[in-house]
Structures are given as C-alpha cells and as structure tokens.
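Here is a quick walk through a protein model and the ligand that sits with it. Have the sequence and the 3D view open as you read.

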Amino acid sequence: MNILVINAGSSSLKYQLLNPETEELLAKGLCERIGIDGKFTYKPQIEGKEKLDAVDIAMPTHAEAIKTVLNTLVDPKNGVIASMKEIDAVGHRVVHGGEKFAHSVLITDDVMKAIEECIPLAPLHNPANITGIKACQEVMPGVPMVAVFDTAFHQTMPPRAFTYAIPYEYYTQDGIRRYGFHGTSHSYVSKRAAEILDLPIEVLKIVTCHLGNGSSVDAIAGGKSIETSMGFTPLDGLPMGTRCGSIDVSIIEYLMENHNMTIDEVMNILNKKSGMLGVSGVSSDFRDLEKAADEGNERAKLAIDMFCYKTHKRIGSAAAAMNGIDVLIFTAGVGENSPELREKIASGLDFMGVKIDHTRNMVRGKEAIVSTDDSRVKILVIPTNEELVIAQDTASIASGK
Ligand code: ADP
C-alpha cells in the first residue's frame, strides 16, 4: 500500500510517497512559489533515479502542483511507481480541527464543511490545507482522502488544562481555549519511546519536547496528552524562531499606545519578529545562533539561554501536571540535532530524577537513550516522523480498519 502525504501551505506544498506498512519512503519533495512562478523539488529514494532541485515548472494553482507531483512520481525514467493506481490513498495534514476532531477522518463533504468552520481558528493555515485537499480531489477523483489534524492528539486534555481564565462565554460562543499543536509529532515520539523502552505506554508519564522552528512541550500520561504549551494558536508557550511564546498580554496594548501601532502591526511583530530573532537580533535559526554565541555575541547567548531556561521550566511544569515523569524526549530540528541545547535544558532537573549523560548525548539526528545509568528518568532523542503518522492513519482509515 502506498500513501501520498500532502502538507499544503498557501504557496507551497510538501509531499511524500511512502508505504506505511514497511515504512519505506519512495520519494519526497516540495512545490514552492505556487501561484507566482513555480519551483519544483523531487527527491526519489530509489537508487539510480535522478532528483530535481528547485527547477522552474509553472504552477499557477495547487492543482497544477499536484499534477506535477503525480507526473513526476509515474515518470518512466525517474519515477518511483508505474501508474497512479499504485497510490491507494492521500493523507492531508490539516492544522486546526477545533473541538470537532479528536482523530483523523475520511474526508467527506461534511468533513470539508467542518474544516472550513475551523478557518477562524487558523486563518493562515486551514484555507491552504483546504486548497490542497480540493486540488487533490480534482486531480485524483475516487482516491480516498484522509485528514490528519495537528490539534487532534490534544483533545484528551481536561477542561482545567484547556480553559483560559477569561469570561466563559468566550469559550462556549467563540471556541477560545487551549488547543495545542504538533500533535502528530508528540504522539509519534511518545509511542516510539514506549517501543524502544519495551514498556506499555499506558503506564508511562512522558514529557515530549518538540523543539524546532516552532516549539512545544507536551505532558503525556498513559498515552494521552493532558497538558501542552501551545494554546489557542501556535503563538503560545515557548519562545520560538520568530514567535514570542507566552507573554503578558498587556504588552500588546502598551506597544500600540507607545508606538502608535495597529493591532496588525503588533501581531506581526509577535509572530514574525520576536522569539530568537527578536532577542538576538541575529537570526531565527538555532545553528546561526549557536555560531554567533560561540563567537561571543552576547544577545545570541541571551536568546539561547532564555530558550533553554523556559523549556527547562516547562518540563518541570509538565511533570507537575502528571505528578511525575518517567521519560523525557527531545525531537525536531533542535531537539534531534543540538547536544549542547539538550544538555543545557536537562541540566538542573536532577531533583526530579533527570540526569543526562554528556557522552551519550553527543548524538545528532538518530534514536538514542542519552540518560545516565543512574538516571531514574530515561532521556531519549527520537527523530520525529509526522509523515509516517499521517500515512499510517490514512492507510488504516482508507482500508476501513
Ligand atoms: P520546523 O518547525 O520548521 O519543522 P525544524 O524541526 O526543521 O523546524 O527545526 C528547524 C530548527 O532546527 C532550525 O532553527 C535549525 O537551526 C535547527 N537545527 C537543525 N539542525 C541543527 C543543528 N545541527 N544544531 C542546532 N540546531 C539545528
């Protein structure tokens, strides 16, 4: 069984073709500048097939982008499948499922309507996801499509964790509550940790740190998300590449008044000019920041220090929510690849049984147990694989399991 996984943005579209049973990746790539001019990247994972790197191909709409993907996948010379019939289903990443979706679902007209109703909750993301789904439906009629939501995994959070302390009618009428994101990643790495440790997930208290360009920490008790750092939107929680994370909301009013800014200008600053970029003045990219800090840049050092401190505190808070912690997991760009940041974040948590091993921790981008032998809490590095989760959910729903 082959599943095409689609992650559609407003002008870009990431794709992977994979077999969820064998976990074999056949090809992956990216369509960029859709609606502008069109750049196409294709990385076949089969020996002897040639890749394409940001080549110019006109993609006026998402439908053209999908056609380009399909034509390339079945290309007699460099394709990885013989015909479109070898694509059994398509899995779509959808950012916001609101309270309507606690699981992945087969896309029907009613489901499309419900995803559209979630647009106010994710005005930048859901419209692009919908465009991606419609484009696939147009180009691949009759092929089952499944929606996999970033928010679904967190629907197990209890009301005390998801309720904001504002008048309750804003929750009942407007749906303002904590939703949480990165759900497929937190779900994947927590399950994978249970497999690696050969323990049933039902007995484990797991804290997952998804640290990338966007970052979140999740508390997973018995396999269920019970507390997470991202909120109503992905702006909440940890400071990120360009996002501010949790701040005192009065800052918004203060900035508007003192700098004569509109709400749009302030929100643009908090979303795109804050976080690591804003504090360091150097970059939003952690590799650039580590380099600048090594070269003595004080603000880059401060940005890293602040990020590690806030992540460190969130781990404590996630453990408190579960009255304990058995497993601590690091994943995503920074979590998988930066031993320095992992060590800084995990240091000073020995009071709750977390001890990181300096030498074991020197791994990048592969699964490893990096805690000391006498650490009560197992610390794991696990590369995330959101596409595999999407493909597996899609396969089981499309085959009616
Ligand atoms: P996204 O949220 O966009 O999916 P990723 O999970 O790919 O982001 O993470 C991107 C971040 O990971 C970037 O800030 C990048 O600098 C960081 N990163 C990647 N490799 C390394 C590395 N070797 N050392 C430190 N940071 C890294």
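A residue is called exposed here when its relative accessible area is over 50%, buried when that area is under 20%, and partly exposed in between. Keep in mind that this is a predicted model.

## Around the ligand

Let's start with the ligand. It has 13 residues around it, and the closest are Asn213, Asp285, Phe286, Arg287 and Gly333. By type, the shell splits into three nonpolar, six polar and four charged residues.

Several backbone atoms come up to ligand oxygens. A polar backbone atom of Arg287 is 3.1 Å from one oxygen atom of the ligand, while for Gly214 a backbone N or O atom lies 3.3 Å from a ligand oxygen. Val334 also takes part, with a polar backbone atom 3.4 Å from an oxygen atom of the ligand. On its own the ligand would expose 580 Å², and the protein buries 70% of that. Two elements give two or more residues to this shell: helix H10 (286-294) and helix H12 (332-337). Of the elements, H12 gives the most, with four residues.

## Helix H11 and what follows

Next, have a look at helix H11, which covers residues 298-322. With 25 residues at 1.5 Å a residue, H11 should span 36 Å, and its end C-alpha atoms are indeed 36 Å apart, so expectation and model agree. At the start of the helix, a side-chain oxygen of Asn297 comes within 3.0 Å of the backbone nitrogen of Arg299. The buried residues of H11 include Ala300, Ile304, Phe307, Cys308, His312, Ile315 and Met322.

What comes right after H11? Asn323 does, and its phi is positive, near 55°. That is a positive value in a residue other than glycine. Asn323 sits in the loop between H11 and strand E12 (327-331). Its relative accessible area is 68%, which is over the 50% cut-off, so Asn323 counts as exposed.

## Helix H1 and the loop after it

Helix H1 (residues 62-73) has 12 residues. From first C-alpha to last, H1 reaches 17 Å, close to the 16 Å expected at 1.5 Å a residue. Nine of its 12 residues are buried, so H1 is largely enclosed by the rest of the structure. Those buried residues are His62, Ala63, Ala65, Ile66, Thr68, Val69, Leu70, Thr72 and Leu73.

Moving on along the chain, Ile87 lies in the loop between H1 and strand E6 (89-94). Is Ile87 buried or exposed? Its relative accessibility is 5%, so Ile87 counts as buried. If you want to place it against another part of the model, Ile87 and Phe330 are 243 residues apart in sequence, and their C-alpha atoms are 33 Å apart in space.

## The loop between H5 and H6

Two residues are worth a look in the loop between helix H5 (169-174) and helix H6 (183-197), and one of them is Gly175. Gly175 has a relative accessible area of 16%, so it counts as buried. Gly175 and Thr228 are 53 residues apart in sequence, with 17 Å between their C-alpha atoms.

The other is His182, which lies in that loop between H5 and H6 as well. Phi of His182 is near 60°, a positive value in a residue other than glycine. With a relative accessible area of 11%, His182 is buried. Asn323, by contrast, has a positive phi but is exposed, at 68%.

## Cysteines

How many disulfides does a search of the whole structure find? It finds zero. Cys118 is in no disulfide, and the nearest cysteine sulfur to its own, that of Cys136, is 20 Å away. Cys118 has 1% relative accessibility, so it counts as buried.

Why does Cys209 form no bond with Cys308? The sulfur of Cys308 is the closest cysteine sulfur to that of Cys209, but the two are 11 Å apart, which is too far for a bond. A pair of cysteine sulfur atoms has to be within 2.5 Å to count as a disulfide. Cys209 is buried too, with a relative accessible area of 0%, and Cys308 is among the buried residues of H11.

Technical notes
Residues are numbered from 1 along each chain as its sequence is written. This is a predicted model: local features need pLDDT of at least 70, side-chain atom pairs count only at pLDDT 80 or more; totals for chains, interfaces and linings use all residues. Side-chain values use heavy atoms; hydrogens and water are left out. The expected span of a helix is 1.5 Å times one less than its number of residues. Buried means under 20% relative accessible area, exposed over 50%, partly exposed in between (1.4 Å probe, protein chains only). A polar contact is a pair of N or O atoms within 3.5 Å; within protein, one must be able to donate a hydrogen and the other to accept it, and residues adjacent in sequence count only if both atoms are side-chain atoms. A residue is near a molecule or strand if one of its heavy atoms lies within 4 Å of it. Accessible areas come from the Shrake-Rupley method with a 1.4 Å probe; for residues, only the protein chains shown count as cover. Ala, Val, Leu, Ile, Met, Phe, Trp, Tyr, Cys and Pro count as nonpolar, Asp, Glu, Lys and Arg as charged, and the others, Gly among them, as polar.
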